[in-house]
Amino acid sequence: TSFGFKEVHEEEKSRLVGNVFSSVASSYDLMNDIMSVGLHRLWKDRLHLDVAGGTGDVAFRILETLNSVKRRATQDVLEDNLHEKTQIIVCDINPNMLNVGKKRAMERGLGEDKSLIWVEGDAEALKFKDNSLDGYTIVFGIRNVTHIEKVLAEAYRVLKQGGRFLCLELSHVEVPVFKELYDYYSFSVIPAVGELVAGDRNSYQYLVESIRRFPSQETFASMIAAAGFQKVEYENLVGGVVAIHSGLKF
Ligand code: SAM
């Protein structure tokens, strides 16, 4: 059976997506390492929104970057001030993910950290005001939303002039030979391992197909531009297994 977007009813889709996330939880560590590559640029964002922020990995990473910048800049009053003012809002549609994140924040000693805010919300209809935020990230989140365009329009709406959009997502490998290997891995190995390890072939199959259906790097870049963003760029990591797209609101 195939689990394409078209065949899967929306509710079913949400449920499946939830399953996929619990199933692939253990591969998050690798993803986190990949993720950190793109996040070092964000520390200057005073009010930063991390959408589809799940259990807070991106937010923790940004905070850690901030703290290390702060340590290095103890002499520098200006940079110190920047840190004091920075707030990171983690927004996710799933309250269970947020609750896990809050627990993890406490374990990391960030429970009382006022720079971390947890908000339940839909990326397609954000509760934030127009032109109110400096930075926006969405990491491994946009692939599974129902309307990518709505998410991009909302990102553009809530960002201030000069605000930055950054998206990390599993993308498309076009490098010859590596592409064939990656396809084999995706379509043969992942579903089989999913069945073997989690007894859940369908969720893994869905994951693979959702990656396949996600727009190519170029197409996605043009969607970001169509939402109004300028200086749209992307960078492939691991040959395109992951892509980082970015844009600016002028
Ligand atoms: N960004 C986190 C990370 O990289 O560890 C979590 C990524 S997780 C794969 C995807 C997250 O997207 C889940 O927590 C899910 O609840 C959330 N999500 C799915 N659809 C959403 C939507 N429409 N609005 C906000 N969050 C959504």
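Ala52, Gly54, Ile93, Asn94 and Ala123 come nearest to the ligand, out of 19 residues around it. The model is predicted. Its protein chain has an average pLDDT of 83, and the complex carries an ipTM of 0.99. A mixed sheet of seven strands is described below, with two helices that touch it.

**Ligand shell**
- Nonpolar residues number 10 in the shell around the ligand.
- The shell also holds five polar and four charged residues.

**Sheet**
- The seven strands form an open sheet with mixed pairing.
- Their order is β3-β2-β1-β4-β5-β7-β6.
- β3 (116-120) and β6 (230-237) are the edge strands, and each pairs on one side only.
- On average, neighbouring strands of this sheet are turned by 15° against each other, direction ignored.
- Strands β1 (residues 47-51) and β2 (residues 87-92) run parallel and are joined by five bridges.
- Across from Asp50 stands Val90 in β2.

**Helices on the sheet**
- Helix α5 (residues 95-107) packs on the sheet and touches β2 and β3.
- The direction of α5 makes about 165° with that of β3.
- Helix α9 (residues 217-226) lies across β5 (159-170), β6 and β7 (242-248).
- α9 runs at about 155° to β6.

**Confidence**
- A pLDDT of at least 70 is reached by 76% of the residues in the protein chain.
- Residues 1-8 have a pLDDT below 50.
- This stretch has 11 contacts in the model beyond near neighbours in sequence.
- For the complex, the predictor gives a pTM of 0.83 alongside the ipTM of 0.99.

Definitions and conventions: Residues are numbered from 1 along each chain as its sequence is written. This is a predicted model: local features need pLDDT of at least 70, side-chain atom pairs count only at pLDDT 80 or more; totals for chains, interfaces and linings use all residues. Two strands pair if DSSP finds at least two bridges between them. Helices (H or I, at least four residues) and strands (E, at least two) are DSSP runs, numbered from the N terminus. Axes are lines fitted to C-alpha atoms, for helices over the stretch in contact, and angles run from 0 to 180 degrees between N-to-C directions. A residue is near a molecule or strand if its C-beta atom, placed from the backbone, lies within 6 Å of it. Ala, Val, Leu, Ile, Met, Phe, Trp, Tyr, Cys and Pro count as nonpolar, Asp, Glu, Lys and Arg as charged, and the others, Gly among them, as polar. pLDDT is the predictor's confidence in each residue, from 0 to 100.
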